[in-house]
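Please take this tour with the model open in a viewer, pausing at each stop to make the selection before reading on. It begins with pockets, then turns to salt bridges, backbone angles and a patch on the surface.

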Amino acid sequence: MSEHKGKAAVVTGGSRGIGKAIVLTLAAAGFNVAFSYASNQAAAEEVEKAAKTFGVEVLAVKADAADAEQAQALVEQAHKQFGRIDALVNNAGIAKDNLLMRMSNEDWDKVLDTNLSGAFYTSRAVARIMLKQRSGAIINLSSVVGVFGNAGQANYAASKAGLIGFTKSLAKELGSRSVTANVIAPGFIETDMTESVPKEKLLEHIPLGRLGEPEDIAKTVLFLITSGSYITGQVIHVDGGLVF
Ligand code: NAP
């Protein structure tokens, strides 16, 4: 029986891409997992079914990360079902790219609300539970773009940079109760989000010579949750050595 049997994780945006790999990796390691999705019910059901084959409990919840009440309800539902929450992975994220001069207020707000405020809502909800438990790991998915910036992605970069300051603050607030908070900053990972990114040119900047797989991120998440009890307030770059 897995040493993690009975432990529980909440993952936002688990129906596709990196989130899907995180859900399956945690389930394979023995975690009960609750994950959210925005609208793609068919994809969510497929992930739920695949994760359950590992013999763990799985909850797929339609919950908009940008909605404070839905985010809170996701955490509460998971806690009620599993009796504890050992890890929260704020993975749900969107991009709405445009040059600054053409960026609408709506696209600015939507990206900040989903990527940054969304992590705030779930973290606040889960902190209450983890502080009582005196253990837990919060992992926020930032991006190489949050560290270096990117033309045409001012909204996305601001949300991802914001996550870094947010997480470092959580590390300071929650550390005394053995709750860790870390950021993973992926480079370019093969998912729907990067489908239209021109790959050839990118590879010149990646020493490891390939784009990342969702599993590259999922394995790092698993490491932080299961072996990272003395790691907090850090930004872990998982980007093949990407240099701009
Ligand atoms: P993706 O393939 O576009 O998948 C996004 C996932 O998030 C889907 O499961 C989607 O649900 C869900 N989602 C989107 N908006 C949501 C909302 N408002 N509420 C709840 N769930 C929502 O994205 P990805 O490439 O896997 O990226 C995952 C995370 O890693 C994001 O935070 C992204 O910014 C970050 N990241 C990605 C890369 C990369 O190269 N791919 C690089 C750096 C950072 P539906 O299926 O229902 O739409």
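## The pockets

In this predicted model, begin with the largest pocket, whose volume is about 1200 Å³. To find its middle, select Gly-93, Ile-94, Ala-95, Thr-191 and Met-193, which are the closest to the centre among the 48 residues that line this pocket. Next, colour the helices α1 (17-28), α4 (105-133), α5, α6 (154-174) and α7 (199-203) together with the strand β2 (32-37), since each of these elements supplies at least two residues of the lining of the largest pocket. Which of them gives the most to that lining? It is α1, with three residues. If you then colour the lining of the largest pocket by class, you should find 21 nonpolar, 19 polar and eight charged residues.

Move now to the second largest pocket, which holds about 270 Å³ of space. Select Asp-86, Ser-135, Gly-136, Ile-225 and Ser-229, which lie nearest the centre of this pocket among the 17 residues that line it. Both β5 (136-141) and α8 (214-227) supply at least two residues of this second lining, and the largest share, four residues, comes from α8. By class, the lining of the second largest pocket divides into four nonpolar, nine polar and four charged residues.

## Salt bridges

Keep Asp-86 selected, as it was one of the residues nearest the centre of the second largest pocket, and add Arg-84: the side chains of these two residues meet in a salt bridge, at 2.6 Å from N to O. Are the two partners buried or exposed? Asp-86 has a relative accessible area of 10%, under the 20% limit, and therefore counts as buried, whereas Arg-84, at 30% relative accessibility, counts as partly exposed.

The whole structure contains four salt bridges, and two others among them can be visited here. Select Lys-52 and Glu-48, whose closest N and O atoms are 3.3 Å apart in a salt bridge; both residues lie in helix α2 (residues 41-52), where they are four residues apart, about one turn of the helix. Lys-52 counts as partly exposed, at 42% relative accessibility. Then select Asp-216 and Arg-210, which form a salt bridge with their closest N and O atoms 2.9 Å apart; Arg-210 is also partly exposed, with a relative accessibility of 42%.

## Positive phi angles

For the next stop, display the backbone of Arg-134, in the loop between α4 and β5. Although Arg-134 is not a glycine, it has a positive phi of about 60 degrees. Go on to Ser-178, in the loop between α6 and β6 (179-186), where there is again a positive phi in a residue that is not a glycine, here of about 65 degrees. Ser-178 is partly exposed, with a relative accessible area of 48%.

## A nonpolar patch

Finally, show the surface and select Val-147, Phe-148 and Phe-244, which form a nonpolar patch with about 310 Å² of accessible area together. Within this patch, Val-147 belongs to helix α5 (residues 144-148), and α5 is one of the elements that each supply at least two residues of the lining of the largest pocket. Val-147 itself is partly exposed, because its relative accessible area of 37% falls between the limits of 20% for buried and 50% for exposed.

Technical notes. Residues are numbered from 1 along each chain as its sequence is written. This is a predicted model: local features need pLDDT of at least 70, side-chain atom pairs count only at pLDDT 80 or more; totals for chains, interfaces and linings use all residues. Side-chain values use heavy atoms; hydrogens and water are left out. Patches are made of residues with over 30% relative accessible area and no salt bridge: like charges are joined within 9 Å, nonpolar side chains (Val, Leu, Ile, Met, Phe, Trp, Tyr) within 5 Å. Accessible areas come from the Shrake-Rupley method with a 1.4 Å probe; for residues, only the protein chains shown count as cover. Buried means under 20% relative accessible area, exposed over 50%, partly exposed in between (1.4 Å probe, protein chains only). On a 1 Å grid over the protein atoms alone, a cavity is a set of points where a 1.4 Å probe fits but cannot get out, and a pocket is an open set with protein on both sides within 12 Å along at least five of seven lines; lining residues have an atom within 4 Å of a point. Grid points are joined across faces, edges and corners, and a volume is the space filled by probe spheres set on the points. Ala, Val, Leu, Ile, Met, Phe, Trp, Tyr, Cys and Pro count as nonpolar, Asp, Glu, Lys and Arg as charged, and the others, Gly among them, as polar.
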